[in-house]
Amino acid sequence: MLNGIVGFQLLDDGTALSLGLILLSAAALFIGTGYIALDTAFSYSGRFDSSMSGDHRNIGLYVLYQLAPLVFLAAFFVLETVLVLKVLGEKKPMLYLIGAALLFALGQIFQYVISTHICSGTNGRINGAMFETLFTLLAVVMTWVFWSSITEDDWPMPVTGGTYTS
């Protein structure tokens with residue numbers, strides 16, 4: 001989500017502050033999710049023992065592992081939509097962003113809906129994780145194409161058909 005805010009140039013991207021904010025927010029989410037997952041699995045503090053009975057659900061883990069990233073992705077989509085349509089006045093990059101969102105949604109459908117049918121049809125040999133990974137990878141590629149289309153190209157690319165030399 002912080003990556004979506006960088007495009008508004010509230011902070012210069014690549015500075016220690018912008019990189020630090022992204023690193024600290026990622027570390028906080030990683031540590032929080034890791035603690036709840038480990039405490040649920042190994043019962044270090046006993047705080048999450050109630051989640052081990054019944055349907056084996058842990059609401060805190062669900063919120064940090066599933067719901068928070070989904071909210072962050074939705075916020076990123078909204079922020080980038082505002083940036084592209086209102087600030088830049090472009091429409092073509094939205095095709096890339098919508099394509100990334102659709103590919104990601106298709107991957108999630110494979111993971112959570114179609115996976116059980118693939119798994120039962122192959123007697124547990126494979127599931128939808130391969131397709132989910134493929135579509136998520138394609139969504140990341142489309143996000144990069146989107147990003148590349150809204151930024152100025154300053155990549156060191158050879159003008160002629162030559163190769164790079166040191």
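**A guided tour of a five-helix chain**

Begin at S43, which lies just after helix 2 and takes a positive phi of about 55°. The model on display is predicted.

**The whole chain**

Next, show the entire chain as a cartoon. The chain contains five helices and zero strands, and its pattern along the sequence reads α-α-α-α-α. Colouring by accessibility will show that 20% of the 166 residues count as buried. The exposed area of the chain is about 11,900 Å², of which carbon and sulfur atoms supply 70%. Where contacts join residues at least 6 apart in sequence, 50% of them are between residues at least 24 apart.

**Helix 2**

Select helix 2, residues 16-42. At 1.5 Å a residue, its 27 residues should span 39 Å; the end C-alpha atoms lie 37 Å apart, which agrees. Now display the side chains of S18, T33, I36, D39 and T40, the buried residues of this helix. Helix 3 is among the elements that cover them.

**N58, in the loop**

Move to N58, in the loop between helix 2 and helix 3. Is N58 buried or exposed? Its relative accessibility is 12%, so N58 counts as buried, the cut-off being under 20%. A distance drawn from the C-alpha atom of N58 to that of I36 reads 8.8 Å, although 22 residues separate the two along the chain. I36 is itself one of the buried residues of helix 2.

**A nonpolar patch**

Select I59, Y62, V63, L67, L70, V71 and F72 and switch to a surface view. Together these residues make a nonpolar surface patch of about 630 Å². To place the patch on the cartoon, locate L70, which belongs to helix 3, residues 59-88.

**The aromatic rings**

Finally, turn to the aromatic side chains. A search of the whole structure finds three aromatic pairs. For one of them, select F110 and F135: the ring centres are 5.5 Å apart and the planes meet at 25°, so this pair is stacked, since planes under 30 degrees apart count as such. Which parts of the chain does the pair link? F110 sits in helix 4 (residues 92-121) and F135 in helix 5 (residues 129-150), so that distant parts of the chain, 25 residues apart, are linked. Both F110 and F135 are buried. Add F131 to the selection to complete the view: F110, F131 and F135 form one aromatic cluster.

Methods
Residues are numbered from 1 along each chain as its sequence is written. This is a predicted model: local features need pLDDT of at least 70, side-chain atom pairs count only at pLDDT 80 or more; totals for chains, interfaces and linings use all residues. Side-chain values use heavy atoms; hydrogens and water are left out. Rings of Phe, Tyr and Trp (its six-membered ring) pair if their centres lie within 6.5 Å; planes under 30 degrees apart count as stacked, over 60 as edge-to-face and the rest as tilted. Helices (H or I, at least four residues) and strands (E, at least two) are DSSP runs, numbered from the N terminus. Buried means under 20% relative accessible area, exposed over 50%, partly exposed in between (1.4 Å probe, protein chains only). Patches are made of residues with over 30% relative accessible area and no salt bridge: like charges are joined within 9 Å, nonpolar side chains (Val, Leu, Ile, Met, Phe, Trp, Tyr) within 5 Å. Accessible areas come from the Shrake-Rupley method with a 1.4 Å probe; for residues, only the protein chains shown count as cover. A salt bridge is a side-chain nitrogen of Lys or Arg within 4 Å of a carboxyl oxygen of Asp or Glu. Contact means heavy atoms within 4.5 Å. The expected span of a helix is 1.5 Å times one less than its number of residues.
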